[in-house]
Amino acid sequence: MLRTLCLATLLASTLSAQPSGTAAVLVLYQPKPGMDRDFELGDQRHLAWHHSENDPSLWPGWTIADGDRQGFFLDGTFFHPWTDFDHPFKPDEDEANWSVNVAPYADVRSVMRYDAVPALTTLTPNQLSAAMMTFCLVTVHPGAGAKFESAIAAALRAASIPHMVMRPITGASEYLIMLGAQKEADLPASAALIESTMAAGGPYVDRTRTETLRYRPELSYVPR
């Protein structure tokens with residue numbers, strides 16, 4: 001399956017573990033027409049295989065609730081050392097199970113690798129299971145990444161909302177800013193933080209777009 005096509009064992013990691021690295025991989029799925037439920041059931045079967053094999057990697061999953069990708073499913077893994085990616089967990093067995101249970105019901109639209117910016121990140125692994133997550137995707141002028149990060153630092157340091165800034169590495173060209181929320185009423189505060197952050201980074205930004213994701217515990221893999 002795609003969870004190990006790009007990624008390796010997360011050694012001794014759980015939701016409450018301290019971050020051990022900055023690397024992340026995100027995989028975007030589009031369920032095939034009329035197959036949303038089949039996809040979900042197939043993914044649950046595949047996650048059951050991971051539990052049966054005691055896979056130590058953590059993969060939270062979300063459904064995108066609005067924006068251009070509404071209805072897509074996204075999962076990912078975070079806080080890895082980059083060296084983790086060199087040692088996939090049972091890749092042949094994993095791929096075979098994924099091909100039977102997931103592949104028939106959804107198309108993989110993208111696989112994206114990011115590097116979290118520690119100085120601009122307060123989100124912790126346990127906060128990845130927040131009920132909602134705002135994603136802000138930011139297209140930065142070529143060559144202006146360091147200036148953009150410096151410009152937005154003060155706005156984010158003053159923020160109480162858990163957040164993570166991720167620098168694109170490959171498979172994506174946009175910065176990704178993730179903001180956790182526990183309920184709908186928290187979303188305006190996230191929007192205000194995005195506005196102030198983008199105002200600070202504005203000289204280096206071409207465009208932004210935002211979307212809301214809903215956490216799917218039944219479609220997330222948490223190691224035992």
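1. Trp82 comes out as partly exposed, because its relative accessibility is 33%. Keep in mind that this is a predicted model. Phe85 sits on the other side of the cut-off: at 14% relative accessibility it counts as buried, since buried means under 20%.

2. The structure has eight aromatic pairs. One of them joins Phe39 and Phe73 edge-to-face, with 5.5 Å centre to centre and 65° between the planes. That pair ties together distant parts of the chain, as Phe39 belongs to helix H2 (residues 36–52) and Phe73 to strand S3 (residues 73–80), 34 residues apart. Trp82 and Phe85 also make an edge-to-face pair, at 5.0 Å centre to centre and 70° between the planes.

3. Back to Phe39 and Phe73 for a moment: both are buried. Tyr29 joins them, and the three make up one aromatic cluster.

4. Now the barrel. Eight strands close up in the order S1-S3-S2-S8-S5-S7-S6-S4, and the pairing is antiparallel. Going from one strand to the next, the twist averages 35°.

5. For a look at one seam, take S5 (residues 132–140) and S7 (residues 175–181): these strands run antiparallel and are joined by seven bridges. If you want a spot to click on, Met133 has Gly180 in S7 as its bridge partner.

6. Helix H4 (residues 145–157) lies across four strands, namely S5, S6 (163–170), S7 and S8 (205–215). Relative to S6, the helix runs at about 170°.

7. Which residues does Ser110 touch, once neighbours within four places in sequence are left aside? They are Leu26, Val27 and Leu28. Ser110 itself is part of strand S4 (residues 106–116). With a relative accessibility of 18%, Ser110 counts as buried; the limit for that label is under 20%.

8. Helix H3 (residues 91–101) has two faces to compare. Its buried residues are Asp94, Asn97, Trp98 and Asn101. These lie on the same side of H3, because they cover an arc of only 100° around the axis. Turn the helix over, and the face away from the buried side carries Asp92 and Val100, which are exposed.

Key:
Residues are numbered from 1 along each chain as its sequence is written. This is a predicted model: local features need pLDDT of at least 70, side-chain atom pairs count only at pLDDT 80 or more; totals for chains, interfaces and linings use all residues. Side-chain values use heavy atoms; hydrogens and water are left out. Buried means under 20% relative accessible area, exposed over 50%, partly exposed in between (1.4 Å probe, protein chains only). The arc is that of the directions from the helix axis to the C-beta atoms. Two strands pair if DSSP finds at least two bridges between them. Axes are lines fitted to C-alpha atoms, for helices over the stretch in contact, and angles run from 0 to 180 degrees between N-to-C directions. Contact means heavy atoms within 4.5 Å. Rings of Phe, Tyr and Trp (its six-membered ring) pair if their centres lie within 6.5 Å; planes under 30 degrees apart count as stacked, over 60 as edge-to-face and the rest as tilted.
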